[in-house]
Amino acid sequence: MSIELKVPQAGESITEVQIGEWLVAEGEHVSRDQTVAEIETDKASMELAAPAAGRITRQLKKAGDFAKVGEVIALIEEAAAGAPPNPAPAAPDR
């Protein structure tokens, strides 16, 4: 199931933020509450955490883009229960 990563309320009068930097690339796995991006307002910078463990399947906004509060900026495919968050790479055949 896909989880939406939305821009949180950043302050009473803030309606828009700028995506500062993505700390996790598309396709990478994340843990719940892991910082995945930095967002900036005209007054402060904030870290945006993953709401669930899984894999970032799509980033809808790039660094430098603007997004409105509540807007979906990425999708996370939720990890299956009991699945390892970062599977080990397969050993090369010899």
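This text walks through one open sheet and a loop residue beside one of its strands. The model is predicted: local features need pLDDT of at least 70, side-chain atom pairs count only at pLDDT 80 or more, and totals for chains, interfaces and linings use all residues. Residues are numbered from 1 along each chain as its sequence is written, and side-chain values use heavy atoms, leaving out hydrogens and water.

Strands are DSSP runs of E with at least two residues, numbered from the N terminus. Two of them pair if DSSP finds at least two bridges between them. Four strands make up the open sheet, in the order S5-S4-S2-S7, with antiparallel pairing. S5 and S7 (66-68) are the edge strands, each pairing on one side only. From one strand to the next the twist averages 40 degrees, where axes are lines fitted to C-alpha atoms and angles run from 0 to 180 degrees between N-to-C directions.

The pairings can be taken in order from the S5 edge. S4 and S5 are joined antiparallel over five bridges; Thr 35 has Ala 49 in S5 as its bridge partner. S2 and S4 run antiparallel with four bridges, and Glu 21 stands opposite Glu 38 in S4. S2 (residues 16-22) is also joined to S7, antiparallel, by three bridges, with Phe 66 in S7 as the bridge partner of Gln 18.

Ala 44 sits in the loop between S4 (35-40) and S5 (45-49). Is Ala 44 buried or exposed? Its relative accessible area is 38%, so Ala 44 counts as partly exposed, the class between buried (under 20%) and exposed (over 50%), with a 1.4 Å probe and protein chains only. Ala 44 and Val 17 are 27 residues apart in sequence, and their C-alpha atoms are 9.8 Å apart in space.
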